[in-house]
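Colleague: I would like to learn how to read a ligand site and the charged side chains of a model. Could you take me through them, giving the general idea before each case?

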Amino acid sequence: MTQTGKVVAITGASSGIGEATALRLAADGHRVLLGARRTDRLERLTEKIIGEGGTAAFRALDVTDAQDTRAFVDAARAEFGRIDVLVNNAGVMPLSPLEALKTDEWDRMIDVNVRGVLHGIAAALPAMRAQGAGHIVNIASVGAYEVSPTAAVYCATKFAVRAISEGLRQESGGDLRVTLVSPGVTESELADSISDPAAREAMKTYRAVALPASAIADAIAHVVSQPPGVDVNEVIVRPSASAR
Ligand code: NDP
């Protein structure tokens with residue numbers, strides 16, 4: 001274990017891909033700041049990482065709140081002196097057909113999946129510019145490349161994350177790395193928020209073949225570990241048995 005690793009702030013670190021990424025990056029010697037709303041889980045995860053010889057801290061975070069997200073990134077700098085990598089991972093997926101008119105759930109997906117990513121960028125960009133280096137890793141989805149029934153709004157949010165990532169990359173001017181990581185079906189709590197009965201049932205079949213969250217964490221570890229002049233821009237990781 002080295003303490004010379006990067007300082008990495010991870011949103012949505014209380015379960016699934018965010019949790020696996022925290023464990024993997026900490027095991028690689030990076031210092032991690034964990035954010036999410038369920039702080040009891042973050043506390044347990046932080047203790048586990050520290051118990052295994054890693055360096056971690058946590059902070060309550062609601063990515064829908066721009067000020068809170070800025071405070072989260074500031075906390076990484078206060079705790080560890082800088083911010084090298086921000087993993088914009090927090091996301092929700094309450095799928096439903098558009099005609100169900102679950103407008104509150106549409107808003108929630110836009111607020112967390114799109115505004116949350118923008119809030120993360122707004123929080124980290126000035127510090128990364130000032131440092132002359134930084135890396136923003138945005139977690140999209142295979143839904144950033146294709147649309148399926150019940151997933152129109154979710155896919156729209158992930159198409160948006162892909163567009164934002166590409167725009168940020170083009171504007172980065174060489175001192176910022178930008179990576180879009182798009183998972184296929186991955187074991188996590190993501191489908192738990194589906195309130196529409198038919199969409200929930202359909203997901204059981206769709207999600208029967210799933211990657212472990214550690215597979216996405218491995219991909220994130222790979223892009224983070226590239227030398228400064230190398231920017232892996234897009235990674236799509238699917239279960240090999242999955243056609244979609
Ligand atoms: P989980 O539901 O297991 O994790 C989602 C995380 O987001 C939780 O830690 C949750 O924490 C956090 N979160 C939700 N709302 C907020 C909020 N307002 N503020 C801060 N954190 C929030 O799902 P995954 O691990 O699967 O999801 C991670 C990312 O991966 C998402 O962006 C998702 O869209 C994407 N993805 C996942 C796939 C999959 O099959 N699992 C496939 C493609 C993409 P808390 O509730 O404690 O705040």
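Modeller: Let us begin with the ligand, where a residue is taken as near a molecule if one of its heavy atoms lies within 4 Å of it. This is a predicted model, and in it 31 residues surround the ligand, the closest being Ser14, Ser15, Arg37, Tyr154 and Ser188.

Colleague: What lies 2.8 Å from a polar side-chain atom of serine 14, and which atoms should I look at in serine 15 and leucine 190?

Modeller: A polar contact is a pair of N or O atoms within 3.5 Å, and with that cut-off in hand each case can be read directly. Serine 14 places a polar side-chain atom 2.8 Å from an oxygen atom of the ligand, and serine 15 likewise has a polar side-chain atom 2.8 Å from a ligand oxygen. With leucine 190 the partner is a polar backbone atom, which is 3.3 Å from an oxygen atom of the ligand. The ligand taken alone exposes 880 Å², of which the protein buries 96%. As for the elements that give two or more residues to the surrounding shell, they are α1 (16–27) and α5 (152–171).

Colleague: How many salt bridges does a search of the whole structure find, and how should I read a single one?

Modeller: Side chains of opposite charge can pair when their charged atoms come close. The search of the whole structure finds 12 salt bridges. One of them joins glutamate 189 to arginine 41, with the closest N and O atoms 2.7 Å apart. Because glutamate 189 sits in the loop between β6 (176–183) and α6 while arginine 41 belongs to helix α2 (residues 39–51), this pair ties together parts that are 148 residues apart in sequence. Glutamate 189 is partly exposed at 28% relative accessible area, and arginine 41, at 25%, also counts as partly exposed.

Colleague: Where do aspartate 74 and arginine 77 lie, and where should I look for arginine 115 and aspartate 111?

Modeller: Aspartate 74 and arginine 77 are in helix α3 (residues 66–80), and because they are three residues apart there, about one helical turn separates them. Their closest N and O atoms are 3.8 Å apart in the salt bridge; aspartate 74 is partly exposed, with 36% relative accessible area, as is arginine 77 at 39%. Arginine 115 and aspartate 111 both lie in helix α4 (residues 103–131), four residues apart, or about one turn of the helix. Their salt bridge has its closest N and O atoms 2.5 Å apart, with arginine 115 partly exposed at 43% and aspartate 111 partly exposed at 25%. Beyond such pairs, salt bridges also link Arg24, Asp28 and Asp218 in a network.

Colleague: Is arginine 207 buried or exposed, and which residues does arginine 207 touch?

Modeller: A residue counts as buried when its relative accessible area is under 20%. Arginine 207, in the loop between α6 (197–206) and α7 (213–224), is buried yet has no salt bridge, since the nearest side chain of opposite charge, aspartate 192, is 7.4 Å away, whereas a salt bridge needs a side-chain nitrogen within 4 Å of a carboxyl oxygen. A polar atom of the arginine 207 side chain does lie 2.8 Å from the backbone oxygen of threonine 186. Leaving aside residues up to four places away in sequence, arginine 207 touches Met93, Val185, Thr186, Ser188, Leu190 and Ala191.

Technical notes. Residues numbered from 1 in each chain as written. Predicted model: local features only at pLDDT ≥ 70, side-chain atom pairs only at ≥ 80, totals over all residues. Heavy atoms only, no water. Buried < 20%, exposed > 50% of the residue type's maximum accessible area, 1.4 Å probe, protein only. Lys, Arg positive; Asp, Glu negative; His and termini not counted. Polar contact = N/O pair within 3.5 Å; in protein donor to acceptor, adjacent residues only side chain to side chain. Contact = heavy atoms within 4.5 Å. Areas by Shrake-Rupley, 256 points an atom, 1.4 Å probe, with all protein chains shown as cover.
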